[in-house]
Every structure is written in C-alpha cells, then in structure tokens.
Amino acid sequence: MKQHMNEHNEYRGGGWRHRAHCVMVTMLLLAGLAGCGGGEAGGGSGNAHDPSPVGRVSAVDGFGVARPNVPTRLDLSAFARGPGATLTAISSQQKGCGAANVVSSLTVELTSESGLCEYSYTVSNADSDASAAIYVLTSNMASPVLPPLSQTLMLGTGSAVYNLATLLGSDWPAGYSLDASSLKVQGGTEQGTVTASGNELTYTPPNTPDWNRIVFILKHPGRPDEDVLGTLFITISEASNQPPTIGEVKYDYKAQTGNAVTAQHAVTMDLATLPNLNIVDPEGEAWQLIEVQSYSASVVPVAPNSVTNKQFTFTANTLGEHVVSYIVGDHRAGFATGLIKVVVGPDERPKTWGDIIMGAVTYRATPLYSEVVNKGVLAEEVWDDGVKNTIGAVTGVSASSYCSKGSHLATRRELDTLRNTPATEQERSKYPVQRDYIVSNGAEYLTYNLTTGVTAPYTTGSLYVICVTETPINVVTWGIGEDADSSSVASQLTDVRAITDSLGAYAALKGNGTVVSWGYPKYGGDSSAVTDQLVDVKVIFGNWEAFAALKNDGTVVTWGNPQNGGDSSAVASQLTGVRDIVSTYYAFAALKNDGTVVTWGKPENGGDSSSVADMLTDVSAVYGEQSFFIAQKKDGTIITWGSVPTLMGGEATDIKTIYAGRLALKHDGSWIGWGLDPEPLNAAGKQVVKVLANQASYAALTSDGKVIIGQRPNTGLDAASTELVVLSPSGVLPSLEDVKDIYQTSFPAHSYAALKNDGTVVTWFFGPKWRLTVKPSFSDDVYAAASDSSEVSHLLTNVKTIYPTSGAFAALKEDGSVVTWGNDTYGGNDVFGGNNMVPGLLTDVKGIYANVMMFSAVKSDGTVLSWGSRQYSSNFPYASVQTIPNLKTIVGNTSPTSFAAIFEPESE
C-alpha cells in the first residue's frame with residue numbers, strides 16, 4: 001500500500017537532502033486481498049505540497065483487489081485523515097462497478113463485477129473537504145497480485161525498454177498479456193511517461209533524480225474474470241553517484257530472523273539491523289528509507305520526516321504471505337529497491353467458550369479460523385473484539401461442508417432452543433457475536449443473530465457457524481471373514497461418527513476423537529499398539545492394508561501392514577501441519593499446510609517420493625491412483641512418482657482438472673493421460689463432465705449426453721476381438737448417446753454401463769477396440785461378465801441408477817425393484833439359469849451399497865438384503881436378510897466380503 005505520498009526534495013549546501021513525509025494507505029477487503037496506489041489527494045499528479053493544516057481532512061488514492069460480485073468492505077480511516085473525517089460521497093460511473101453503501105463513518109461496502117473499477121470518494125469535516133480515488137481490480141485468480149519488480153536507471157540515459165514477461169520469468173502466468181490501457185505511473189515528486197507494445201514497456205523517466213511506480217494489469221483472453229495486477233518500481237539516480245547496495249534484495253523475514261508475525265499485531269522492522277540484509281552505501285554516505293509499500297498489509301515509516309529514518313512498522317489484517325517493497329536512498333540522489341517477504345499467521349488464543357451439551361445434542365463451539373481451514377474449508381479470518389480472538393467465518397456451502405464430518409449445520413430451530421434454554425445462558429453468553437451465524441432452514445440458508453434470535457434470508461458474505469452433533473450412533477457388521485465380526489469390540493462401538501475400511505479391516509472414529517478397529521490384523525484390524533496415540537483424531541484414511549489417522553493438531557498416527565503404509569516412523573518428524581491424506585493401494589501421501597508432501601509405504605506404489613522431494617512445494621492437491629501419486633501445484637504444473645505410466649498427449653502443465661487419477665484437462669481444452677491415449681477426448685474438450693478410468697481403458701460423459709471411450713495403446717487385446725466396435729465420425733459410439741450417467745465395475749474396472757435418459761442401459765467391456773457385448777463363453781470371467789447384460793436387457797427399463805461390484809452390476813428401477821447381471825460370485829446373475837438368491841424380496845428398495853464382491857439393498861422399511869460372494873467351499877453365494885432401523889450409512893467399498901452399518905439407536 002502506498003505510504004510515501006508527500007515529498008520535499010531540497011538541494012542545500014551542495015548536497016541532496018531527500019526528506020520523506022509518509023501517509024498511510026490501507027484497504028481492508030472482505031475478499032481477503034488488498035492493495036493501494038495513487039498519487040496526491042484528488043488523484044493529482046503527485047507534485048510535492050506542504051502537509052494539510054491541523055484540523056483539515058486529507059485523502060489519497062488507493063488500489064485494491066477483490067473477487068467478482070463479492071461484497072468488499074473498505075476502511076477509509078487509514079487513508080482519509082483529519083479530525084472528524086466522515087465519508088460523504090463515493091461512486092463510480094463505470095459500467096459493472098456496483099453501488100457503494102456507507103456502513104459507518106469511514107467504512108464502505110461495494111461490489112464490482114469485473115475489470116478495473118475507479119471509485120471517487122469525498123471525506124469531510126466541519127472545516128474542509130478532500131477527494132481521491134479507489135481503484136478496485138476484480139479477479140477470480142487465487143493469487144491476483146504478482147511479485148513486485150524493480151529496476152534502476154541513471155539520470156540522462158534516456159528511455160528504457162522493459163519486457164515484463166522476461167522480468168517476471170516463471171511468475172508470468174501462461175496465456176496472459178499486458179493490458180496497455182491499464183498502465184499508470186505513480187510515486188515520486190515527478191512522474192515519467194510509459195507506453196506499451198505487446199508485453200514491453202517503454203519508460204521515459206523524469207528529468208530529475210527520483211523514483212516511480214508503474215502499475216499494470218495482465219489479462220487472459222479465455223479468462224475474463226481472472227486478471228492479475230503487477231507493479232514495476234524504477235529508481236533514477238545521479239550518474240556521478242553510486243547508490244546504496246542491498247545484500248539480500250529478496251529478503252525472507254521469517255527465515256532470516258526466526259520471528260513469527262501474527263495478524264493485526266504491529267512489528268517494527270529496522271533495515272539497518274535486519275540480519276543479513278546488509279544495506280551499505282559504497283561511498284560511505286548516510287542512507288535513509290525513502291518509500292515503503294505493500295499491496296496487502298499496512299506499512300508506515302517510524303519517523304517519516306527524518307532524513308536518517310531506516311525503520312517502518314508492519315501490520316497485516318489478512319493471513320498468508322505478504323510482500324513489502326521499499327526504496328532506500330543516499331543524500332546525493334542515489335536510490336536502490338528491495339523486497340521483504342513476511343508470512344502472517346492468525347492471532348489466535350485459547351477459546352474462552354466451549355461446547356454446550358443438551359441431552360443427546362451437542363452444540364459445537366464456534367470455531368477459530370485455524371479450526372476451519374485445517375478441515376480444508378475456505379474461510380475468512382475475522383478478528384472478533386468481543387472475544388479477542390480470530391474466528392473462521394464461512395459462506396453457506398462452506399458452513400455445510402465444515403459441519404459435514406459427524407455433525408450438521410445448526411438449524412434455526414436448534415439455535416432457538418439453545419437461546420431459550422436458561423441452563424445454557426452462562427456458556428452461550430461467552431460465544432462470539434460480532435457477526436451473525438449462518439443456519440440451515442430446509443433447502444435454504446438464513447442469517448441468525450445469536451443475541452436477539454432475529455433471522456433473515458442469507459444472500460452472500462461470510463458468517464459464523466455452529467455445528468450440531470446429534471444422538472450417539474452404534475454399529476453392526478455382517479458378511480464373510482474376520483472383518484465381518486465386530487463382536488470383540490462391540491461394547492466400544494458407541495457414538496461412532498464415521499467408519500473407514502481396508503481390504504480386510506475397519507476403523508471407527510468416535511465422537512470423542514478416539515478410534516476402534518477390528519478385522520484382519522495385517523490389514524489394520526489391530527490398532528492396540530497405537531491406542532494411546534489415537535486421541536483427538538479428526539478423520540481416518542485407509543489404503544488396501546493400512547490406516548492413517550489425521551489428528552486435530554495436524555499430526556498422523558498409522559497402523560496395519562508396516563511395509564504398505566502401516567508404519568510411518570521413518571517420516572514421523574515430518575508429519576506435522578498435515579491438512580489432507582490420500583493413498584494408492586499400498587502407500588500414503590500427506591499434504592501439509594505449507595504445500596509440501598510427505599510419503600510412506602510401498603516404494604513402487606508411491607511410498608518413496610525422494611526423487612521428486614525438491615519439487616513437492618507449493619502443492620495445492622494430491623491424487624492417488626493404483627500405484628502412483630499425482631501432485632498438482634498452484635501454478636498448474638504436475639509432479640508424479642511411484643510406478644507412473646507413460647504420459648501421453650503432451651506436457652503436464654497448465655492443468656485445469658484431473659479426472660479419475662488417469663486423465664487431465666488443460667486450460668486450453670486439450671487432454672493428457674497417464675498410460676491412456678487421451679486423443680479421443682480432445683474434440684470434446686471442456687464439455688466432458690465425468691470420467692471413469694482404470695489402467696487400461698476409460699469412458700467419458702459429455703454435457704450433451706455422449707460417451708467417449710478410449711484405452712491404453714498396444715493392449716494386445718485386438719487379436720482376441722472378433723467384433724470391433726464401429727465408431728461414428730465424431731469418435732462416439734452410436735449407441736452411447738443421450739446418456740444420463742456412466743458406471744464401471746470396481747477393481748479391475750474393465751466393464752462399463754451407461755444409463756440413458758429413457759431409462760435403458762447399455763453395457764460394454766474395455767475400450768474402443770473391444771466389443772460392446774461379450775459372448776457367453778466370457779460369462780465366468782470376472783473381467784468381462786458384467787459387460788454382458790443381454791439376458792436381462794428386457795428388464796432394464798425405467799432404471800433410476802446403477803451400482804457396481806468387481807464383476808456385476810445392480811440396477812435400481814424407478815418402481816423400487818432391482819435387476820442384476822454379471823458373475824454370480826460377485827452378486828450378478830447365474831448365466832446357466834439361476835437368478836437372485838433372494839427372489840421376490842428385492843422390491844421397494846430405496847438404495848444399494850456395494851463392496852468388491854457383494855451388494856446390500858436397503859428397503860423403505862429398514863430391511864437390508866445382502867448377496868454375493870460364495871462362502872469358502874459353498875456352492876451358493878452368500879445371502880442375508882436383516883432389519884436395521886434408523887440406518888445412517890453402510891460402509892464396505894474396499895472390503896471384499898463384509899459390510900459395516902452406522903445406525904441411530906432407538907430413542908428410549
């Protein structure tokens with residue numbers, strides 16, 4: 001933000017005396033980003049003038065960054081000065097720049113649609129008026145402000161040409177170009193001029209030693225709402241004078257000093273004493289701080305009128321990384337520029353309010369900012385003066401997401417009960433109330449004032465949240481194998497909120513943050529060795545043979561097969577600050593809050609990332625496939641490790657979305673694939689809405705209802721095929737049009753089914769060089785049996801949805817009946833004449849759950865019917881019928897032959 005607004009340059013006694021008078025400019029943006037710029041009050045040229053007399057008001061220009069159509073609050077008190085200063089007018093004449101509403105004497109809320117909006121504002125008191133401009137860039141970019149640039153010139157050298165793309169290097173966003181109309185020259189006593197050609201600037205400096213700042217905007221033709229803002233600082237020094245030198249031009253404050261900076265706490269930085277900064281004048285002259293600014297923080301010189309001042313104070317209201325730009329100069333017109341990176345964390349203290357328990361209902365205490373973001377939910381940090389803490393404020397969708405793990409977003413009725421119960425008053429009075437709360441009201445959201453109980457329709461903005469945990473739940477298990485028998489831990493399975501499974505074990509997360517496990521020990525069924533560590537657990541992740549529990553403090557506890565992810569001791573010291581965990585079949589990868597990644601487990605399945613460790617920084621997401629991991633960085637580049645298939649279709653850069661861990665859509669609409677040929681997808685580009693894939697084939701559904709299928713090159717299956725699929729000219733199977741949804745069997749996932757809009761079903765096996773149907777000779781082959789629905793095709797009408805095991809499909813029809821086909825060991829039909837093992841019972845079904853080899857159908861009356869895998873040497877598939885009242889969910893996706901159900905006990 002622009003600090004140095006008024007300058008006096010005096011030539012006395014043969015020496016240059018540069019005296020800086022600085023005025024603070026800050027913008028507090030609701031979107032969490034801020035900036036500033038501009039010249040003198042009223043948007044003038046920036047020529048020096050005397051400070052305003054005491055009693056008068058003054059105003060300066062400001063720059064800011066906001067998200068389109070997100071209300072942005074600006075606190076003008078930081079850049080509108082004077083006793084009794086009050087905002088009297090603010091408006092914009094530009095199209096798309098919304099009206100501004102005055103919230104308080106010097107606070108305004110405005111909403112911009114797109115582009116760069118200029119708002120003129122006026123502040124007044126009894127004695128005077130002052131006007132200036134606020135420039136607000138609206139952008140959907142996650143990081144819309146580029147790193148500042150700096151260049152030096154010597155007086156009398158004439159114009160200089162700067163290629164911005166070259167100066168920014170890897171920071172230049174791909175596909176962007178300079179918007180010549182956005183150029184503004186600011187700062188200093190006199191401003192030079194600038195023109196643009198392509199991405200090059202031609203800058204003509206003023207005729208006296210000085211400094212200028214050029215503000216510019218980059219645009220992308222395909223992303224109209226994702227502009228980015230940049231700044232180029234240029235210092236112009238006397239040719240006969242050597243300017244000061246800076247030892248560390250790009251300085252990392254935390255790395256160099258070891259000091260932490262928290263939001264809203266001022267820190268004084270002394271350029272003369274910061275370790276390793278080493279600013280010196282080659283000629284032994286004195287030097288001073290001339291200018292300091294930040295686009296996202298408040299920076300103010302400590303002694304702005306002193307010619308020896310080298311200090312400034314830093315204060316940030318928003319979390320994350322902030323960059324401070326500064327200019328130092330000697331007293332003979334020599335200037336130098338530098339950058340300081342400051343990482344700001346939340347100003348959080350222990351909560352003075354807690355959970356409120358009312359019988360079987362627990363109201364979870366309003367969360368701090370870190371509690372929300374550590375769950376992977378976007379939040380706004382709000383300093384609440386009432387409780388003196390940083391609260392996490394969220395939007396409606398984010399509120400529901402935050403409360404989704406074992407709880408739900410509080411309803412209006414629940415908060416009414418909380419307010420109207422006298423026994424809760426003492427604890428409730430401690431809750432933060434600076435903002436309203438967001439509550440659910442059926443299919444809509446409402447705002448709720450916890451003090452008054454007043455509600456209103458929710459539109460936009462971030463509010464506080466309370467999650468509600470209902471009556472404790474219990475667990476029941478059934479099926480074949482040790483994991484189907486939970487009797488040894490049945491007494492512990494109370495208040496279970498979530499269950500995670502492996503190939504042969506389960507891990508249940510309880511409401512108090514502890515964990516109960518059962519099943520085959522080698523698959524994670526025995527967690528006794530780490531029981532004392534399994535406390536305050538937030539969520540459990542599983543691969544095929546191990547579990548990883550992520551705790552609320554960001555640490556991780558593992559158990560199960562030690563070679564395949566159950567032993568993380570080798571990387572235990574690195575497993576801190578973890579925000580998410582993903583897995584392959586036999587390995588885990590933990591994504592940390594700092595954007596780095598830690599891995600463990602079977603090396604060839606991605607458990608060893610040492611070969612790419614130096615590249616695993618600034619990672620935004622990690623995906624796990626069968627035997628390899630994919631890390632997507634914030635700049636759109638991709639890093640892979642493990643047993644990675646051959647990359648096809650181009651370079652793994654500028655990635656927009658990754659589908660099924662095997663295919664990726666780039667921002668330009670082209671596709672790449674790992675082990676799969678993406679060429680059939682290029683024609684559809686961004687029209688693809690869903691992709692199913694395995695290591696050898698894939699199917700993609702487009703927004704217009706067409707299915708595109710593809711496969712791995714050189715599969716060796718062509719010779720076995722006797723009926724090649726004939727594609728239309730567009731690469732689409734004629735029978736795979738007007739499709740509503742697509743499905744595939746679980747591992748090995750070679751059979752596919754498409755549900756068409758008319759309620760009929762089409763099935764096929766593998767890719768485009770295989771056939772749509774399989775002859776009966778394939779019916780005993782689990783890889784192909786589910787692709788043959790010919791024997792039940794006359795029944796596949798009015799289908800609502802489809803569920804898969806590894807070797808069969810079950811179609812749920814609109815009338816609640818069920819049709820199955822495929823290998824009977826996997827829950828499908830017996831192709832030699834048999835049918836469902838529970839004939840006549842599969843009616844009035846409301847949903848179906850499936851694991852690798854079995855189905856469980858839930859009827860409206862709570863009856864659960866399960867069938868599938870043969871019981872060891874038995875000639876008949878497994879079948880069971882039971883009633884589970886108040887069923888919440890059934891778990892068993894990975895487990896081959898068992899299920900676990902979470903249900904709510906009957907009320908007494």
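**Exercise 1. State which residues F314 touches, leaving aside those up to four places away in sequence, and place F314 within its nonpolar core.**

Solution. Leaving out residues up to four places away in sequence, F314 touches V261, H265, A266, V267, M269, A297, S298, V299, H322, V324, V342 and V344. The structure is a predicted model.

Next, consider the core. The largest nonpolar core has 28 residues. F314 is among those with the most contacts inside this core, together with L271, F312, Y326 and I340. The strands β22 (267-270), β24 (287-294), β26 (311-315), β27 (320-330) and β28 (335-345) each supply at least two of its residues. The greatest contribution is that of β28, with four residues.

Finally, a separate core of 26 residues lies apart from this one; I480, V818, V852 and F855 are among its members. As background, nonpolar side chains in soluble globular proteins tend to be buried together.

**Exercise 2. Determine whether D330 is buried or exposed, and identify the contacts made by its side chain.**

Solution. Begin with the location: D330 belongs to strand β27. Its relative accessible area is 1%. Buried means under 20%, so D330 is buried.

Then list the neighbours. Not counting residues up to four places away in sequence, D330 touches N241, Q242, P243, P244, D281, E285, A286 and W287. For A286, the C-alpha atom is separated from that of D330 by 5.8 Å, although the two residues are 44 residues apart along the chain.

Lastly, examine the polar partners. The side chain of D330 forms a polar contact of 2.8 Å with the side chain of N241. The D330 side chain also reaches the backbone nitrogen of G334, at 2.8 Å.

**Exercise 3. Describe the disulfides of the structure, giving the partners, handedness and sequence separation of each.**

Solution. First, count them: the structure holds two disulfides. A disulfide is a covalent bond between the sulfur atoms of two cysteines.

Second, take the link of C97 and C117, whose S to S distance is 2.0 Å. The angle about the S-S bond is -90°, and the link is left-handed. C97 lies in strand β8 (residues 97-104) and C117 in strand β10 (residues 115-124), 20 residues apart, and the pair links distant parts of the chain. C97 counts as buried at 9% relative accessibility, and C117 is buried with a relative accessible area of 0%.

Third, take C403 and C467, whose sulfur atoms are 2.0 Å apart. This link of C403 and C467 is left-handed, with -80° about the S-S bond. C403 lies in the loop between α4 (396-402) and β33 (408-409), while C467 lies in strand β37 (residues 467-469); the pair therefore ties together parts that are 64 residues apart in sequence. Both C403 and C467 are buried.

Fourth, number the bonded cysteines in sequence order: the pairing is 1-2, 3-4.

**Exercise 4. Derive the strand order of the sheet that contains β51, and explain why β51 and β52 each have one side without a neighbour in the sheet.**

Solution. Start with the order. The open sheet consists of four strands, arranged β51-β54-β53-β52, with antiparallel pairing.

Now read the ends of that order. β51 (647-648) and β52 (655-659) stand at the edges, and each has a single partner strand, so one side of each is left without a neighbour in the sheet.

To complete the picture, inspect one pair. β52 and β53 (residues 663-666) pair in the antiparallel sense over four bridges. Here T657 stands opposite L665 in β53.

Terms used:
Residues are numbered from 1 along each chain as its sequence is written. This is a predicted model: local features need pLDDT of at least 70, side-chain atom pairs count only at pLDDT 80 or more; totals for chains, interfaces and linings use all residues. Side-chain values use heavy atoms; hydrogens and water are left out. Two strands pair if DSSP finds at least two bridges between them. A nonpolar core is a set of buried Ala, Val, Leu, Ile, Met, Phe, Trp, Tyr and Cys residues joined through side-chain atoms within 4.5 Å. Buried means under 20% relative accessible area, exposed over 50%, partly exposed in between (1.4 Å probe, protein chains only). Contact means heavy atoms within 4.5 Å. A disulfide is a pair of cysteine sulfur atoms within 2.5 Å. A polar contact is a pair of N or O atoms within 3.5 Å; within protein, one must be able to donate a hydrogen and the other to accept it, and residues adjacent in sequence count only if both atoms are side-chain atoms.
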